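Subject: Structure for your review

Dear colleague,

Please find the sequence and the structure below. I would be grateful if you could look through them alongside the notes that come after.

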Amino acid sequence: MASPSAPAAAAPAATDRAPLSAVYLHQLYREPEPNPQPQPDPEQGLQFVRRELLFFCTILKWCILAFLFIASFLALMWMVFHPTFPQLSIASAILSPIAVTSTAASADCNITLVLTNPNRHLTASYDRMEISLLYASQQVTLSQVHHPRIVQPKRSQITLQTNLSFSAVNLTSGVVSAMKEDLDRGSLGLMMKISSVVKYRNGKWKTKSRFMRAYCGGVSFGFTSSNRPGIFLNPYQECEVYVYSK
């Protein structure tokens, strides 16, 4: 009866082992916890903003100073080199007795002009100056001459001796009649028109070409006799001068 009891005694030994349990992979490898992000320092942010503002203010200051310098330089150059209109006047005029026929008129006329360049830093040059003598009341051209190129130094005056004599100028009957009436009253009114292309320069610097127009009214002569020359009534008559760009 002892032999059947041996296996029964061994059975409890198997029950003494610890029970087995499943181990999963995610339990062995865990993701590391994220490092905490450092919080931004407000003082560093303010310093960065101050540096940006300081840089911007410095750039703005230099830009303003550069603008003021350039503007002052240009204004100075404009004041120094800005051309002033030339001045033109009639110093003297001589007119011989006028021979008038039914269709024409003739006379010797010599007029002295004074051309002034008032610019302190600019030399003036006039290309092909055209001078015309007109019968004022009828705006009829009696004679016309052309002067060669004139170069005038700064702040200087030059005289232009101009021969504006006219010989057998064809006139209409109305113009002849008006001229005879003026001569009978003892006076004759003429006028001058002057045109040219003017340039100014200072060394290598020069302006662009400009048109010049001058009108000399009141070139009046008095006659005491039909056989005597006319007397110039308006010595040093100032002319109106206009200069404009092309």
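The findings are set out below, from the whole chain to single elements.

Please note that this is a predicted model. The chain holds 4 helices and 15 strands. Of its 246 residues, 32% are buried. Among contacts with a separation of 6 or more, 70% join residues that lie 24 or more positions apart. The exposed area of the chain comes to about 16,900 Å², and 60% of this is supplied by carbon and sulfur atoms.

One sheet deserves a description. It is an open sheet of 3 strands in the order 2-3-9, and the pairing is antiparallel. Strand 2 (99–100) and strand 9 (166–170) are the edge strands, each pairing on one side only. Between strand 3 (residues 104–107) and strand 9, the antiparallel pairing extends over 3 bridges. At the level of residues, Ala104 has Asn170 of strand 9 as its bridge partner.

I also draw your attention to the surface. A nonpolar patch there is formed by Phe56, Leu60, Trp62, Ile64, Leu65, Phe67 and Leu68, which together have about 770 Å² of accessible area. Ile64, one of these residues, is located in helix 3 (residues 42–81). The relative accessibility of Ile64 is 43%, so this residue counts as partly exposed: the partly exposed class lies between the buried limit of under 20% and the exposed limit of over 50%.

With kind regards

Note on methods:
Residues numbered from 1 in each chain as written. Predicted model: local features only at pLDDT ≥ 70, side-chain atom pairs only at ≥ 80, totals over all residues. Heavy atoms only, no water. Patch = residues over 30% accessible without salt bridge, like charges linked within 9 Å, V, L, I, M, F, W, Y side chains within 5 Å. Areas by Shrake-Rupley, 256 points an atom, 1.4 Å probe, with all protein chains shown as cover. Salt bridge = Lys/Arg side-chain N within 4 Å of Asp/Glu carboxyl O. Helix = DSSP H or I, 4+ residues; strand = E, 2+ residues; numbered from the N terminus. Buried < 20%, exposed > 50% of the residue type's maximum accessible area, 1.4 Å probe, protein only. Pairing = 2+ DSSP bridges. Contact = heavy atoms within 4.5 Å.
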